[in-house]
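Work through the exercises below with the sequence and the coordinates at hand. Each task is followed by a solution in steps.

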Amino acid sequence: MPMYQVKPVCGCDTKVDLPTCMYTLPNVHAQGSSCGDHALQNGEVDPALKVLEARQDEIMRKLYELKAAVDGLAKTVTTPDADLDATTLSQSPAATAFTGTADLDALLGKDLGALRDIVINANPASPPLSLLVLHGLLCQRYRVLSSVHVHSSVSSVPPQLLSCLGLRHTDSYTRHRFQLGFTLIWKDVPKLQMKFNTQTMCPIEGEANVARFLFRLLGAEPQDASTATQVDSWVDTAVFQLAEGGAKERAAVLRSLNSTLGRTPWLLGQELSLADIVCVCCVLRAGQAASAPANVQRWLQSCRNLGHFDCVYPLLQ
């Protein structure tokens, strides 16, 4: 017997139509039906799909930037000279590249996703003037991300050395937009050092050797062995006799320069070369500009008129 009984509230003859599916849709494939409200015609892309693709592209771009930044930091961390105690103090903008034949992939090898970083350790007591000139020339050909740091082994650095590579670049946070990194670290080292690939490359020591490396990146090195030998001879003479030699050695080099420059406007003929860049910087660093012979004086003025050496003179004061 049931616990209680309720009388029916409706008649038993009421018919209820039950649905056969959750909801119904019109057939968009039916002949004669209007499909414009349900599908895009003529190969058009749904706007929602376009938004999704744009979002995916933006995510991939950010991932690429992050990968490039991490790879660049990895290069710095793996070098023994990464124990810096100062943040970036100066970064210079890259000038408009001029027409040339140099190809970084051919010269340095392909390095996908990471910025090619040139890291130079230099003593502030002996600034590498020729490398600053070459840095300016590299900025004219490539998009260079330049930076100056101070190592913990150096107590203080003059302001002009902190800004020797120019002002900070506005796009320095996007490393993938640059072709070359140029990092100068003021450090208490007995001899200038340069590192490019910290994984497979030994340090290059000496201003002369680093200058040769940087000049080759310009694609302007002489093609014949005779001219290349003359360049090497002048570079070694400038570094070992003008910059590091005694009074007699300097006087002998100045006489040789005066004799050569009496026949040609530049040391190797009619065009500026690495020999001119290194020799000019060594003459200026040795303090021999004022007492130099007439042909050397004219040559120094010609170099100054080019504008490539404007970064050097503030460091001589």
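**Exercise 1. A residue in a surface patch**

Locate Leu66 in the secondary structure, classify its accessibility, and name the patch that contains it.

Solution. The model is a predicted one.
- Step 1: Leu66 is placed in helix α1, which covers residues 47–77.
- Step 2: its relative accessibility is 52%. Exposed means over 50%, so Leu66 counts as exposed.
- Step 3: Leu66 belongs to a nonpolar surface patch together with Ile59, Met60, Leu63 and Val70. The accessible area of these residues together is about 470 Å².

**Exercise 2. The fold in outline**

State how many helices and strands the protein chain has, in what order they come, and what share of the residues is buried.

Solution.
- Step 1: the protein chain has 9 helices and 5 strands.
- Step 2: read from the N terminus, the elements follow the order α-α-β-α-β-α-β-β-β-α-α-α-α-α.
- Step 3: of the 317 residues in the protein chain, 38% are buried.

**Exercise 3. The sheet and strand β3**

Describe the sheet, find the pairing partners of β3, and decide whether β3 is enclosed or open to the outside.

Solution.
- Step 1: the sheet is open and has 5 strands in the order β2-β3-β1-β4-β5, with mixed pairing. Its edge strands are β2 and β5 (204–205), each of which pairs on one side only.
- Step 2: strand β1 (residues 116–122) runs parallel to β3 and is joined to it by 7 bridges. In this pairing, Ala122 is found opposite Trp186 of β3.
- Step 3: strand β2 (residues 144–150) also pairs with β3 in the parallel sense, over 7 bridges. Ser147 is opposite Thr183 of β3, and Ser146 has Phe182 of β3 as its bridge partner.
- Step 4: in a regular strand, side chains alternate between the two faces of the sheet. In β3, Leu180, Phe182, Leu184 and Trp186 point one way, while Gly181, Thr183 and Ile185 point the other way. The residues of both groups are all buried.
- Step 5: strand β3 (residues 180–186) has 7 of its 7 residues buried, so the rest of the structure largely encloses it.

**Exercise 4. Salt bridges**

How many salt bridges are counted, and which parts of the chain do they join?

Solution.
- Step 1: side chains of opposite charge can pair when their charged atoms come close. The cut-off is 4 Å between a side-chain nitrogen of Lys or Arg and a carboxyl oxygen of Asp or Glu. The count by this rule is 4 salt bridges.
- Step 2: Arg61 and Glu58 form one of them, at 2.6 Å from N to O. The two residues are 3 apart in helix α1, which means a separation of about one helical turn. Arg61 is partly exposed at 36% relative accessible area, and Glu58 is partly exposed at 33%.
- Step 3: Arg285 and Glu207 form another, with their closest N and O atoms 2.7 Å apart. Arg285 lies in helix α8 and Glu207 in helix α5 (residues 207–217), so this pair ties together parts that are 78 residues apart in sequence. Arg285 is partly exposed, with 27% relative accessible area, whereas Glu207 counts as buried at 13%.
- Step 4: in the salt bridge of Asp232 with Arg212, the closest N and O atoms are 2.8 Å apart. Asp232 lies in helix α6 (residues 225–243) and Arg212 in helix α5, so the pair links parts 20 residues apart in sequence. Asp232 is partly exposed at 31% relative accessibility, and Arg212 is buried at 11%.
- Step 5: Arg212, Asp232 and Asp236 are joined into one network by salt bridges that share partners.

**Exercise 5. Aromatic rings and a distant contact**

Count the aromatic pairs, find the charge placed over the ring of Tyr313, and describe the surroundings of Val280.

Solution.
- Step 1: ring centres must lie within 6.5 Å to pair. The count by this rule is 0 aromatic pairs.
- Step 2: Arg304 lies over the face of Tyr313, 3.9 Å from the ring centre.
- Step 3: Val280 is in helix α8 (residues 274–285). Its relative accessible area is 0%, so Val280 is buried.
- Step 4: Val280 and Phe309 are 29 residues apart in sequence, and their C-alpha atoms are 9.1 Å apart in space.

Terms used: Residues are numbered from 1 along each chain as its sequence is written. This is a predicted model: local features need pLDDT of at least 70, side-chain atom pairs count only at pLDDT 80 or more; totals for chains, interfaces and linings use all residues. Side-chain values use heavy atoms; hydrogens and water are left out. Patches are made of residues with over 30% relative accessible area and no salt bridge: like charges are joined within 9 Å, nonpolar side chains (Val, Leu, Ile, Met, Phe, Trp, Tyr) within 5 Å. Accessible areas come from the Shrake-Rupley method with a 1.4 Å probe; for residues, only the protein chains shown count as cover. Helices (H or I, at least four residues) and strands (E, at least two) are DSSP runs, numbered from the N terminus. Buried means under 20% relative accessible area, exposed over 50%, partly exposed in between (1.4 Å probe, protein chains only). Rings of Phe, Tyr and Trp (its six-membered ring) pair if their centres lie within 6.5 Å; planes under 30 degrees apart count as stacked, over 60 as edge-to-face and the rest as tilted. A charge sits over a ring if NZ of Lys or CZ of Arg is within 6 Å of the ring centre and within 35 degrees of the ring normal. Two strands pair if DSSP finds at least two bridges between them.
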